[in-house]
Every structure is written in C-alpha cells, then in structure tokens.
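The following exercises concern an enclosed space and a strand in a protein model. Please inspect the sequence and the structure before reading each solution.

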Amino acid sequence: MDKPLVVVTRKIPEAGLVLLREKYELKVNTKDRALSADELKKIASGAHAILALLTDKINEELLAAAGHQLKVVANYAVGFDNIDLAAAKKHKVAITNTPGVLTEAVAEHTIALLMAVARRVVESDKFTRSGKYEGWEPELLLGHELKDKTIGILGLGRIGGRVAEIAARGFGMKIIYYDNGNRNKEMDASIGSESVSMRKVLTGADVISIHVPLLPSTKHLIGKQELESMKKNTILINTSRGPVIDEKALASALGKKTIAGAGIDVFEFEPQITKELLKLDNIVMTPHTASATIETRDAMAVLAAKNIIAVLEGRAPVTPV
Ligand code: DGY
C-alpha cells in the first residue's frame, strides 16, 4: 500500500522531518521562500497531512484543493490566525498548533526587547560604532530602570504568565494584568500580581507587554486612543501579532514621544513595515523571531510531526486547536 503523503510547506528543522520521513512519503517545499496561494494549492493536492507555517493561508480554497483524503493541518506556530477553523471543521480536517514549547523563547525575547528599549542598546551600539563616543559623560544615553516599575500584561496565557514571572522575580517589577477579567490566583499568590481593568493597564503601567491572540476583537486593541492614555514613560512591547496594534498610530505616538519607546517583533502588514517606524530611534524591531531559538524551533518541529503522526494513526492529536 502507498504511504500517506505529508506535505511540509517550507523547510523546518530536521528533528521533525526525520520523524515524518520514517513513516510517510514526504514532500517538502524546496524553495527558500513561502509559497504563493497557487503554489500552496498545487503542493497540497493529494496530501493526507500538511505541516503549515503562519504565513500560509489555510482556507476553504486550499482545503478543497488538497482533497478529501486530507486529515490534519499541523501549524508550525502557537498562533493560528492563518487558519479558517470553520472551513477546517467543514472539511473534517483536524487543526493543531505548537503551544508550550515556545513559551520560554518568546518570553525571553520579550524581555530582550524590553531591555533593549529601556537601556537604549541598539541606539548605543550605533552610536559607538559610528565613532561618536568621545569619553564618559554623565548624561549620555540615559535609559529607564525596571526595578519597582509596573509592567502591565495584556493577555495572561502561558507566555504572558512567564513574562510576568521573569519581570517580578528577575527585576522586582510590580505586575498588573488584564485577561478579560480572568484572575490567576496561583500567580497572584506567588508573585503578588493583580488583575485590573484594561484601562488601568493602559494608564498605570510603565511597561505594557502584549500577549493576546489575533481575533476580530483584538485587532487594533492598541490604537490612537489607547496610546494617548498611556504615560509618557511607557514602553510598549509586542511579541503577539502585528494587527493588534494600529501601526500608524504607534509611529505617531513614538514620533511625538507621547510614549517612551516600543519593542516590536510583529507587524501589522508584515513583512511590510510602516515606513515612519524605520526612522525612529525609540523603537527596537525584530523580524518575527521571538520563538527563533535552536531549542524551540526543534521542539516545534517535533511537536508538529507528532501531531501529524497521531492523527494519521487514528489517535487524538497531541495539541489540537
Ligand atoms: C507563533 O508560534 O505563533 C509565533 O508567532 C511564531 O513562532
């Protein structure tokens, strides 16, 4: 009997591919770029499983083109806003993601962005390289200290929770959070965090870190009005999804210095970036690499492969959406 066909839409670490290769016929996109919608339809045709990236649109058209034999789409990401879940349900295709294995990497990157903005690391590096450093100065490149400052976490899932823990235990920050009114009593007891209103996070925090999924209700969660309600010393960090922030409004707030700075890993129209942001010194940007550690990308590949194997062997997926 022919082996089931597993399609991988872009090369992922070998740790996952090896598991799939042992059992299935494997077709991996060999182009060093994301596939277009048409290319995706073509490669997916006849697949029993698709290992997809967050840049692939998994919609009605793609699922129909793949065919009735398709059983599972394993997203190589914790976020799944690239997938039309209703269409997947209609086509009886299981959807899985990669929660848990990227929590540390994304939380650490969030802190990396926060430190970079607070202590002006990128600006200082440029300054030093360009030969401007002429000797120690009392007020050269002053930044912001974190100890005793308040961090407001928007969205207290695994990643938001881990950022809160690092900020409290590592930097002695006070933690407030808004998660649709939900409280995490265990965390509150262990690090003294406090569930507050969204408004209180916006108006009371010195650092705001966003960890919500992209949903119709979270698109432009942070817009002009929200930015205007923040304190002048606020540093805004986003490692969730770009469209959660109105990027034009952010550029304007940073340009007018109505907030102090931003650390941004995800963009509203990525890979395009609102051009006003590129001219600003008070923003540090990374190209959606918050989960990009060797350990995590391997673990994501293994988990996605295990999800595919489970479904194709007739078992429940490990991490279903
Ligand atoms: C995710 O997993 O959703 C990240 O954005 C990429 O790792």
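The model is predicted, and its largest cavity has a volume of about 40 Å³.

**Exercise 1.** Determine which residues line the largest cavity and how they divide by class.

*Solution.*
Step 1. Establish how many cavities there are: the structure holds one cavity of 30 Å³ or more.
Step 2. List the lining: H144, E145, L146, K149, D206, V207, N233 and I235.
Step 3. Sort the lining by class: three residues are nonpolar, two are polar and three are charged.

**Exercise 2.** Decide whether the residues on the two faces of strand β6 are buried or exposed.

*Solution.*
Step 1. Locate the strand: β6 comprises residues 150-154.
Step 2. Apply the cut-off: a residue counts as buried when its relative accessible area is under 20%.
Step 3. Examine each side: T150, G152 and L154 on one face are buried, as are I151 and I153 on the other.
Step 4. Conclude: five of the five residues of β6 are buried, and the strand is mostly covered.

**Exercise 3.** Identify the strands with which β6 pairs, and the sense of each pairing.

*Solution.*
Step 1. Consider β7 (residues 174-178): five bridges connect this strand to β6 in the parallel sense. Within this pairing, I151 lies opposite I175 of β7.
Step 2. Consider β9 (residues 207-210): this strand runs parallel to β6 and is joined to it by four bridges. Here G152 has I208 as its bridge partner.
Step 3. Trace the connection towards β7: together with helix α7 (residues 158-171), β6 and β7 form a β-α-β unit, which is right-handed.

Technical notes. Residues numbered from 1 in each chain as written. Predicted model: local features only at pLDDT ≥ 70, side-chain atom pairs only at ≥ 80, totals over all residues. Heavy atoms only, no water. 1 Å grid on protein atoms, 1.4 Å probe; cavity = no way out; pocket = protein on both sides within 12 Å on 5 of 7 lines; lining within 4 Å. Points joined across faces, edges and corners; volume = space filled by probe spheres on them. Nonpolar A, V, L, I, M, F, W, Y, C, P; charged D, E, K, R; others polar. Buried < 20%, exposed > 50% of the residue type's maximum accessible area, 1.4 Å probe, protein only. Pairing = 2+ DSSP bridges. Right-handed = clockwise from strand over helix to strand, strands pointing away.
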